[in-house]
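Biologist: I am new to this structure and would like a close look at a single part, the buried nonpolar interior. Please take me through it slowly, with the cysteines included.

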Amino acid sequence: MHLFRSHNYRVYPDRCAVETPTIRGISWTPLPEALNSKDTMKQFLSDRVVKAARSIRSVMIDGNPGLIRDRKHHLKTYRKCCSGKELVDWLMKQNECLQSRSQAVGMWQVLVDEGILVHVKHEVNFHDKDTQFYRFQDSESGLNNMSNEKDSEEELQESLSLLSQLGPDALLTMILRKCPSQRSAEDLEVIYEELLHVKAAAHLSTSVRKELAAVLVFESHAKAGAVLFSQGEKGTSWYIIWKGSVNVITHGKGLVTTLHEGEDFGQLALLNDAPRAATIILREDNCHFLRVDKQDFIRILKDVEANTVRLEEHGKTVLVLEKRTEWAQQGGSGNSKYTVMSGTPEKILEHLLETIKLDSNGNDSIDPCVSDFLLTHKVFMPTNQLCAALQHHYQAELSEGSDQEKASYILTTKQKVVKLIGQWVALYGLLLKEDPIALDSLERLKKEVAGDFRLFSMLKDQFRERRRIKTSENGCQTLSRNQPFDWFSNCEEPVGRLQPIRAQDKVLYEIYRPDNKPLNLMLPVNASVKEVMSAIVKPGGDHILVKMNSMGERAQLKLDANAVYTALGLNERLFICTISQAEQLMPLKEQQGPVQGTTDLLEQMDSKDVANELTNYDWELFTAMHEVELVYYIFGRHKFPGAITANLERFVRRFNEVQYWVVTELCICEDLVKRAILLKKFIKIAAVLKEQKNLNSFFAVMFGLSNSAVHRLYKTWERIPSKTKRIYCAYERLMDPSRNHRAYRLAVAKLSPPYIPFMPLLLKDMTFINDGNPNYVDKLVNFEKVRMIAKTVKIVRGCRSQPYVPSSPQRGLADRMFLEGASTRISTYSELALPLRSPSIIRNYIQNLKVIDNQRKLTQLSRTIEC
């Protein structure tokens, strides 16, 4: 029986209400009753690790028989062991994908944690040293249960793949177990990266997180019911829950609340130097905590205050800067600089202009904080305010000094303003051209710059250099030196078939009457509900606009809501009716989804061809979306006049569509044999999508396969080859939501652009940042929050920094994994089936998926085909 968990990840973009939307995450459903235990999944994973260790040990003995031998050290002999350094060296040779020795250390640490690989002196951490010896525990771990045949290279690679997935967690735990004084700069960076995704540290500044990384102490407790501390005791530490959960108990009230992974407690007693206000009791076995002791906690608070500089004007703070020191390698000293923490928009802009450096050509690199500011400026500084401030700085003059000093100051300031504006245009592209305020300001500035030869030459050189870089990357035509200057000369439309939806575009609104007859209207994409209704019915009546999903759930739309059509969810439709008619509305037949599946059609399409078209279409959707739409989406589009999020919503809706396509096809396929073939095909499609770095559709397919309606199809899963199940298990681990989806983040960190990210998780990250941090601190813009939001936005920009090239028809990793060659597949098709393999037919199919998104109906269908 397979041991897969069932989970669902769906994004609900409710754009009709004025409230900022929430992103719902993964919801886990229990394992089957026979396996309803945390220990079962743990045992399943342990068995896989033992099997991996058996394969590795076998290959090691066959290929390097002298590696495991008796060793002498300090006049003592250690029987049948290897040195830590030799084990790391061997693993680096076996797995070329390992980028550092620390990754190999993490993989061996997995075996140490499982008790399979044991230090001769029983130390719990693995050491990459010649003088540290380890041996395999043959009899206790079952490593002697070898088959007669030698383990294949394929099994070894599967084993290494499993350990490489588990290794980062083991390495992190090992680092946390170290005494803080023994942590290297690399160790501190690993801990810091983890703190970025811990809920309790979300509101902390970068410098505080870095200081915490140096003092955190790992603490574990084995048994549920243990008391961590009691109410009334003296506060000595602050705790962050790393794994597990605790109950908070107070006198007189009993259980007050339960805290889970990522949450913290114990801080109040340290801040107020007061007794503990509650008792903390472990709620489950094997709980892990990150602890900060009181002396370190107080010192960090003092350090933050000591490194903070506040600038005041007229008795009020207008800018807060913090001195930060970057970690240096051992033996070196770090570099320090002042970073904006908060301030008024005008003062932040002024400070950023001062930080811009100019070389002789005005083409020096620009501080990342400038792009952070520009990507998010509409949140705290509308375009008209930004344009006015830039114009003010452009015309600024020096009141004192010689004529030469005044002339130098004016030229330098103008160069910096022009350079910042060039960066603004580069980030926003044609979106600025659609903003009348920004466009007017840019045109006026261009005329002023044209009157100054030095400025104009610098500007042309700057844009020519940007185009040269783009030319070398994308193979565009060369620029002529005499080409007239244009702010938007480097801005290009996406080259795919799918064009972005623009704010001024008109789209086809399909609205239904109570009798289910459609009305088709061409209206602006940003049309309000009031404008939509005015185009259909006379004002003054009791008509309302209602959206309804496939389950019959209705929602009346507010008159001031806009862009409601492009924000519709999967299988949602708009209805115009009177208030009295609203209750009688029923979903359309087309909303219910297909009655018959496309199994026969899919069976004749090559898995790789289907995955290729999924990726091609996803890339077009992805590139049609501007990354600033993420900012509008998270903060609420209604706060940004003229802004649209239609392209982002279209891309998010695609994730839901692909997910439910997988579930729909499997649940309406009544033939068991065909359903098993289809299930295997979807796993193969997921493998190819992962290989193509299309993580959005990869996760959509995987979440579809993990849906409870598919998960319960035991007869179907039993027909899947064991090797395919192992592949699915390996992919399923990437969906693990623990530690804020750490498994996924580690996998993404190894990717180079271009790739398509898991968009729902990016939206969840930004919602997490937005909800956990205020926009303003003491009436000043919280620039630390701005920096975090911009960092996530830049991930999207980075994914698209290289052009996407469709995958070649050569046999890839997924083909080798499934041992399914192209020639073998084609030979099984009839001549009539060959036209179905044409790219145009597959593309048309992929872009017009018909799905059932009613989970209740899918579950009923699932029970019908397998009782």
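Modeller: A residue is called buried under 20% relative accessible area, exposed over 50% and partly exposed in between, with a 1.4 Å probe and protein chains only. The model is predicted, so to speak of local features needs pLDDT of at least 70 and side-chain atom pairs count only at pLDDT 80 or more, while totals for chains, interfaces and linings use all residues. Residues are numbered from 1 along each chain as its sequence is written, and side-chain values use heavy atoms, leaving out hydrogens and water.

The largest nonpolar core (buried Ala, Val, Leu, Ile, Met, Phe, Trp, Tyr and Cys residues joined through side-chain atoms within 4.5 Å) has 127 residues, and the members that touch the most others are Phe373, Trp661, Phe682, Phe699, Leu705 and Met759. Helix H21, a DSSP run of H or I with at least four residues, numbered from the N terminus, spans residues 646-667 and gives the most to this core, eleven residues. Leu705, when its neighbours within four places in sequence are set aside, is in contact (heavy atoms within 4.5 Å) with Val662, Leu666, Leu679, Phe682, Ile683, Val710, His711, Trp717 and Tyr728. A second, separate core holds 60 residues, including Ile56, Leu171, Leu195 and Leu270.

As for the cysteines, the count of disulfides (pairs of cysteine sulfur atoms within 2.5 Å) is zero. Cys81 is in none, and the nearest cysteine sulfur to its own, that of Cys82, lies 6.8 Å away. Cys81 counts as buried because its relative accessibility is 0%, and Cys387, at 7% relative accessibility, counts as buried too.

Terms used
Helix = DSSP H or I, 4+ residues; strand = E, 2+ residues; numbered from the N terminus.
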